[in-house]
Amino acid sequence: MGNQVEKLTHLNYAEVPTSEPNGFDPEDDDGPRIGVSYIFSNDDDEQEDNLDRHAVNHEEKPFDPRDELACAIYYREECVYETNAGAATHTAESLLNKCRPGDLLEFVATGQYPHWAVYVGDFQVVHMHRAEIKNNFLTDVSQGKKGRIVNGLYRYRALPPEVIVRNAVDHVGSRDRELYWRNSECFAAWCRFGKREFKIGGEIRIGKQPYRLKLLFSEKKTHVLEFQSLEDVIMEKRRNDQIGKDAVTQELANHLNTTHENKEERFVN
């Protein structure tokens, strides 16, 4: 596939195999039962274009932390990413007083994909937007959204700040087929951690599904999905961020009800 991304359509929960809401077999303590293959749409930049065209007369909904779905990503048995729903957000002006070169920033708004950027100093960030790596002022990139520093979400060892900044700045101006990342999060995380898993095709797909995405609806209610690569997990995680906790819960409930009905129908026949 190289560095090209095909436009594909995401399959929702009603079109993929899954299991009970907790993601585990009650008679088997060895782990999740499901092995899911997902097909994804392109990245968040396409969604932002659509919003620009169709939401001219609509005010952007402020970020609602109650609709944020907490999750964790595991590679085999190692937790490589974890977030808590409702983490504090700040205005762009407040972030400027907190940022240091090499920091990762996430800007959030209800109904939109999170937008990630790398702070490079002098009030500027480098980020991937509309299939191009750009260097802009932080306040311009925020577009009124609130943001937060997210250095600790991924549990990989960070590169030195000067290397992170150089990784970002060196790619400014890259666009279209020169890009090796599917969205702003993959690009920003690659700048900070330097891991090829964040790049398109960075991992060989051999049928195994070593990654697990654990959705944390509550302390007692979780659901687990399995994926072949980190970029696939990130795409699904970001989709959940975009549609919100309530929509994910409803999707899953609808699918489980449909699955139960289909099983009963097959049993009768």
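These are my notes on strand pairing and hairpins in this structure, which is a predicted model.

**Entry 1: around β1**

I started with β1, residues 70-75, and looked for its partners. One is β8, residues 211-216: the two run antiparallel and share six bridges. For a register check I picked alanine 70, and leucine 216 in β8 sits opposite it.

The other partner I noted is β2, residues 78-83, again antiparallel, with five bridges to β1. Here cysteine 71 faces threonine 83 of β2. Then I went to the turn. The β1-β2 hairpin has two residues between its strands, and arginine 76 has a positive phi there, near 55°.

**Entry 2: around β5**

Next up was β5, residues 124-128. Is this strand enclosed or open? Four of its five residues are buried, so the rest of the structure largely encloses β5.

I then went through its neighbours. β4, residues 115-121, pairs with β5 in the antiparallel sense over three bridges. β6, residues 133-137, is also antiparallel to β5, and that pairing has five bridges.

Valine 126 was handy for reading both registers: it is the bridge partner of valine 118 on the β4 side, and asparagine 135 in β6 is its partner on the other pairing.

**Entry 3: the turns at β5**

Which residue takes a positive phi in the β4-β5 hairpin? I found aspartate 122, near 55°, in a hairpin with two residues between the strands. The β5-β6 hairpin has four residues between the strands, and there arginine 130 takes the positive phi, near 50°.

Definitions and conventions:
Residues numbered from 1 in each chain as written. Predicted model: local features only at pLDDT ≥ 70, side-chain atom pairs only at ≥ 80, totals over all residues. Heavy atoms only, no water. Pairing = 2+ DSSP bridges. Buried < 20%, exposed > 50% of the residue type's maximum accessible area, 1.4 Å probe, protein only.
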